[in-house]
2 protein chains.
Amino acid sequence: MPQGKPNTVPDDGLTTRQRRNRPLLMVHTGPGKGKSTAAFGMALRAWNQGWPVGVFQFVKSAKWRVGEERALRVLGASGEGGPVVWHKMGEGWSWTQRDMESSEEAAREGWEQVKRDLAAETHRLYVLDEFAYPLHWGWIDTAEVVAVLRARPGTQHVVITGRNAPPELLDAADLVTEMTKVKHPMDAGQKGQRGIEW
Amino acid sequence: MPQGKPNTVPDDGLTTRQRRNRPLLMVHTGPGKGKSTAAFGMALRAWNQGWPVGVFQFVKSAKWRVGEERALRVLGASGEGGPVVWHKMGEGWSWTQRDMESSEEAAREGWEQVKRDLAAETHRLYVLDEFAYPLHWGWIDTAEVVAVLRARPGTQHVVITGRNAPPELLDAADLVTEMTKVKHPMDAGQKGQRGIEW
């Protein structure tokens with residue numbers, strides 16, 4: 001429940017409105033649930049504002065995010081809010097060890113697409129889902145990512161999810177939330193279920 | 001990234017399928033962002049499964065959740081997933097100190113509605129948004145809430161959000177995630193902005 005009262009007012013030469021509408025880099029990290037789910041929840045707000053939303057899924061899975069994907073596609077096509085483009089980079093490859101090299105390549109290609117879209121100001125909210133993994137693994141250079149994000153033109157908000165987000169990325173972020181696991185059904189022998197986990 | 005491998009298999013007499021489809025009580029708490037956003041993200045998954053979704057907003061605000069509300073109403077009306085009912089209990093009252101008594105009453109009325117819906121098995125996912133507050137403040141008895149939730153019939157999933165969720169609620173929950181604030185734009189003198197905070 002934000003109170004609307006900032007703790008400090010910086011001496012940055014910006015008006016409150018300019019500061020308020022500054023493009024944000026947000027990171028959801030940590031071992032708990034809700035990192036991606038919260039990012040997709042943010043996409044609902046962006047859609048409601050009529051903003052173009054781009055989702056880049058840096059993960060391969062047959063069932064993860066099917067609910068979010070279908071919902072955002074229906075919303076994007078409804079004409080009542082902003083358009084939605086969903087890049088499913090996981091298509092055609094996997095994160096398994098033996099397939100490492102081509103996954104790495106696919107992740108890099110995804111990042112190239114993000115760079116092109118940022119340069120063209122294609123979207124106003126970018127959901128880079130599970131993007132922390134290829135950074136953590138060193139597949140994509142975090143310093144380059146930070147430099148590109150710092151230099152992005154216009155008002156383009158970016159939310160990056162995934163465990164183990166590199167410290168350099170956290171330093172560059174405006175907002176960082178860590179999701180901590182307190183209790184999980186799998187600890188009590190329960191597997192993930194339809195409608196809850198995907 | 002759930003691996004699908006539970007840490008232990010409990011001796012509870014249930015089959016894996018029964019255990020897997022057990023109704024869940026989930027709590028998103030802590031001082032960080034993403035508690036409600038992640039709950040609304042879960043609603044997308046439930047909607048995609050065709051489940052009836054009930055949202056109970058235990059907070060008054062002119063602008064909070066407008067994006068989520070509009071998105072879920074559009075989705076519910078699309079006929080492509082489950083129906084959505086949105087109870088906005090904040091309508092007509094406020095959480096300010098001077099209005100305490102009637103807010104307390106409104107929160108209690110909201111809980112009575114939740115109880116009726118649970119008894120009638122009206123929804124399959126309940127989002128009790130900011131419900132941790134009236135519990136924390138003692139407006140609604142946590143022991144009663146836990147007893148009602150434990151005894152709820154059928155397969156009804158419940159997700160409760162809000163800071164300071166009472167320990168008895170966390171004990172009763174199947175899944176607890178704590179959102180920790182690592183960094184927030186308000187710390188740097190930036191106020192909340194449209195499309196991001198609401």
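B:Arg108 counts as partly exposed, with a relative accessibility of 39%. In this predicted model, its side chain forms a salt bridge with B:Glu104, and the closest N and O atoms sit 2.7 Å apart. Why can these two reach one another along the chain? They are 4 residues apart in helix H4 (residues 100-120) of chain B, so about one helical turn separates them.

## Salt bridges

That pair is part of a longer list: over all chains, the count comes to 16 salt bridges. Chain A supplies some further examples. In helix H4 of chain A (residues 100-120), A:Lys115 and A:Glu112 are 3 residues apart, about one turn of the helix, and they form a salt bridge too. A:Glu112 is partly exposed, at 36% relative accessible area.

Then there is helix H3 of chain A (residues 66-78), where A:Glu69 and A:Arg73 lie 4 residues apart, again about one turn. Their side chains meet in a salt bridge. Are the two partners buried or exposed? A:Glu69 is buried, because its relative accessible area of 11% falls under the 20% cut-off. A:Arg73, on the other hand, is partly exposed at 42%.

Here are the three pairs side by side:

| Pair | Closest N to O distance |
|---|---|
| B:Arg108 and B:Glu104 | 2.7 Å |
| A:Lys115 and A:Glu112 | 3.2 Å |
| A:Glu69 and A:Arg73 | 2.9 Å |

Salt bridges can also join up into a network, as they do for A:Arg65, A:Asp129 and A:Glu130.

## Chain A from end to end

Now for the overall build of chain A. Its secondary structure comes to 7 helices and 6 strands. Follow the sequence along and you get the pattern α-β-α-β-α-β-α-β-α-α-β-α-β. The chain has 198 residues, and 53% of them are buried. Take the contacts in chain A between residues at least 6 apart in sequence: 80% of these join residues at least 24 apart.

## One sheet, two chains

What order do the strands take in the sheet? There are 12 of them, forming an open sheet with mixed pairing, and the order runs E3(A)-E2(A)-E4(A)-E5(A)-E1(A)-E6(A)-E6(B)-E1(B)-E5(B)-E4(B)-E2(B)-E3(B). Both chains contribute strands, with E6(A) beside E6(B) in that order. The edges belong to strand E3 (84-88) of chain A and strand E3 (84-88) of chain B; each has a single partner strand, so one side of each is left without a neighbour in the sheet. From one strand to the next, the twist averages 15°.

Helices lie against this sheet. H3(A) packs on it and touches strand E2 (53-57) and E3 of chain A, with its direction at about 150° to that of E3(A). Over in chain B, helix H3 (residues 66-78) lies across strand E2 (53-57) and E3 of that chain, running at about 150° to E3(B).

## A closer look at E1(A)

Strand E1 of chain A (residues 25-29) has E5(A) and E6(A) on either side of it in the strand order. With strand E5 (residues 157-161) of chain A, it pairs in the parallel sense over 4 bridges, and A:His28 stands opposite A:Thr161 there. With strand E6 (residues 175-183) of chain A, it also runs parallel, again joined by 4 bridges. On that side, A:Thr29 has A:Glu178 as its bridge partner.

In a regular strand, side chains alternate between the two faces of the sheet. For E1(A), both faces are covered: A:Leu25, A:Val27 and A:Thr29 are buried on one side, and A:Met26 and A:His28 are buried on the other. That makes 5 of the 5 residues buried, so E1(A) is largely enclosed by the rest of the structure.

## Where H3(A) meets chain B

H3(A), the helix that holds the A:Glu69 and A:Arg73 pair, also has a neighbour in the other chain. Its axis and that of helix H2 (residues 35-48) of chain B come within 8 Å and cross at roughly 85°. H3(A) is therefore roughly perpendicular to H2(B). On the H3(A) side, the contact is made by A:Val66, A:Gly67, A:Glu68, A:Arg70, A:Ala71 and A:Val74, while H2(B) brings B:Leu44, B:Arg45, B:Trp47 and B:Asn48. Sorted by class, this contact has 5 nonpolar, 2 polar and 3 charged residues.

Notes
Residues are numbered from 1 along each chain as its sequence is written. Chains are lettered from A and ligands numbered from 1 in the order in which they are written. This is a predicted model: local features need pLDDT of at least 70, side-chain atom pairs count only at pLDDT 80 or more; totals for chains, interfaces and linings use all residues. Side-chain values use heavy atoms; hydrogens and water are left out. A salt bridge is a side-chain nitrogen of Lys or Arg within 4 Å of a carboxyl oxygen of Asp or Glu. Buried means under 20% relative accessible area, exposed over 50%, partly exposed in between (1.4 Å probe, protein chains only). Axes are lines fitted to C-alpha atoms, for helices over the stretch in contact, and angles run from 0 to 180 degrees between N-to-C directions. Angles under 35 degrees count as roughly parallel, over 145 as roughly antiparallel, 65 to 115 as roughly perpendicular and the rest as oblique. Contact means heavy atoms within 4.5 Å. Ala, Val, Leu, Ile, Met, Phe, Trp, Tyr, Cys and Pro count as nonpolar, Asp, Glu, Lys and Arg as charged, and the others, Gly among them, as polar. Two strands pair if DSSP finds at least two bridges between them.
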